[in-house]
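Here is a structure to go through by its terms. Each question asks what a label rests on, and each answer sets a value against a definition.

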Amino acid sequence: MRNPLPYNLHSHTSRCGHAVGEDVEYVQKAIQAGYEEMAFTDHVMLPGISQPGIRGEYSQAEEYFASVNDLRIRYQDQIKIHLGFEAEWYGDVFEGYYRKLLSRPDFDLFILGQHCYLEDGKLHWYASLPFEERLPRYQKDLLEAMASGIYTYVAHPDIYVKWHESWDEETRAVAEQIAMASNKYHMPLELNCVQIRSYPEAAKKPDTLNYPCPMFWDVVALYGCDVVIGVDAHRPEHYTDTDYDYIVAFAERHGLRLLKECPLKKK
Ligand SMILES: [Zn+2]
Ligand SMILES: [Zn+2]
């Protein structure tokens with residue numbers, strides 16, 4: 001089965017150090033999978049920050065932009081290609097950099113993938129915080145990001161359940177805050193395909209504390225938020241090999257509203 005949505009705005013490239021394949025192969029596989037629109041949103045390359053194996057170096061940014069711009073023209077008759085980054089919100093530290101990128105005519109979008117936070121000039125994982133500080137910190141960072149107006153949508157908003165031990169009042173309260181912010185800022189939430197691809201058995205359990213987390217998406221359904229599907233491709237074949245049947249059935253089972261139209265705002 002194909003993705004019933006004609007777009008995917010979540011694709012990485014080998015520059016991040018944990019994805020493979022040539023940029024052109026991602027485009028070819030996206031076309032083969034029937035997509036009309038795609039975005040390259042590699043892990044954001046940050047001035048002054050080096051995280052080998054997690055994100056590309058800042059010095060690679062212009063070459064990344066040039067490659068996507070070249071593909072955009074070469075394949076313009078077959079697929080619409082957008083240029084962007086998947087980026088964390090680090091308070092106002094990189095806000096100027098992000099806004100400057102958005103002002104470039106060739107740069108289209110940021111998606112919010114809040115994997116880590118910045119403190120004392122270094123990036124840290126939320127799971128490295130004391131247990132009781134993890135969720136409040138994630139919620140604070142995520143809500144600030146959503147209010148910034150920088151991002152097109154929230155990638156794997158339910159990533160935080162991995163840092164908790166059970167689904168409880170606390171995880172539910174975070175889900176409610178995210179759902180309310182999604183509606184307030186008209187920012188869709190992403191059903192992410194990474195875990196069902198990488199760890200299908202664990203990720204498809206009805207009580208999984210992984211994303212997509214069934215209990216999280218029940219809350220989203222109550223609030224009627226807009227939902228998108230993110231392939232989160234880390235190899236070209238992810239476009240064709242992802243279990244779209246599962247993710248679509250998941251959306252239907254939870255009564256989620258899949259956004260048929262690409263949410264990327266025209267510049
Ligand atoms: Zn990645
Ligand atoms: Zn991510």
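Q: Where does H186 lie, and what makes this residue count as exposed or buried?
A: H186 sits in the loop between α5 and β8 (189-192), where helices (H or I, at least four residues) and strands (E, at least two) are DSSP runs numbered from the N terminus. A residue is buried if 20 or more other C-beta atoms, placed from the backbone, lie within 10 Å of its own, exposed if 12 or fewer, and partly exposed in between. H186 has 11 C-beta neighbours inside 10 Å, so H186 counts as exposed. Its phi is near 50°, a positive value in a residue other than glycine.
This is a predicted model, in which local features need pLDDT of at least 70 and side-chain atom pairs count only at pLDDT 80 or more, while totals for chains, interfaces and linings use all residues. Residues are numbered from 1 along each chain as its sequence is written, and chains are lettered from A and ligands numbered from 1 in the order in which they are written.

Q: What makes D120 and G121 count as exposed or buried?
A: D120 has 5 other C-beta atoms within 10 Å, so D120 is exposed. G121 has 8 and is therefore exposed. D120 is in the loop between β5 and β6, and G121 is placed in the loop between β5 (116-119) and β6 (122-125). Phi of D120 is positive, near 55°.

Q: Why is E237 given its exposure class?
A: E237 has 16 C-beta neighbours inside 10 Å, so E237 counts as partly exposed. The residue belongs to the loop between β9 (226-230) and α9.

Q: Why are α4 and α5 called parallel or oblique?
A: The axes of α4 (residues 131-147) and α5 (residues 169-184) cross at roughly 5° and come within 10 Å. Axes are lines fitted to C-alpha atoms, for helices over the stretch in contact, and angles run from 0 to 180 degrees between N-to-C directions. Angles under 35 degrees count as roughly parallel, over 145 as roughly antiparallel, 65 to 115 as roughly perpendicular and the rest as oblique. α4 and α5 are therefore roughly parallel to each other.

Q: Which residues make the contact of α4 with α5?
A: L135, Q139, L142, L143 and M146 of α4 meet E170, V174, Q177, I178 and A181 of α5; two residues are in contact if their C-beta atoms, placed from the backbone, lie within 7 Å.

Q: Why are α5 and α8 called parallel or oblique?
A: α5 and α8 (residues 214-223) pack at about 40°, with axes 9 Å apart. α5 and α8 are therefore oblique to each other. On the α5 side the contact involves R172, A175, E176, A179, M180 and N183, and on the α8 side F216, V219, V220 and Y223.

Q: How do you know on which side of α1 the buried residues lie?
A: D23, Y26, V27, K29 and A30 are buried in α1. They cover an arc of only 165° around the axis, so they are on the same side of α1; the arc is that of the directions from the helix axis to the C-beta atoms. Among the elements that cover them are β1 (7-8), β2 (37-43) and α2.

Q: What joins Y211 and P212?
A: The peptide bond between Y211 and P212 is cis, with omega about 0°. P212 is in the loop between α7 (200-203) and α8.
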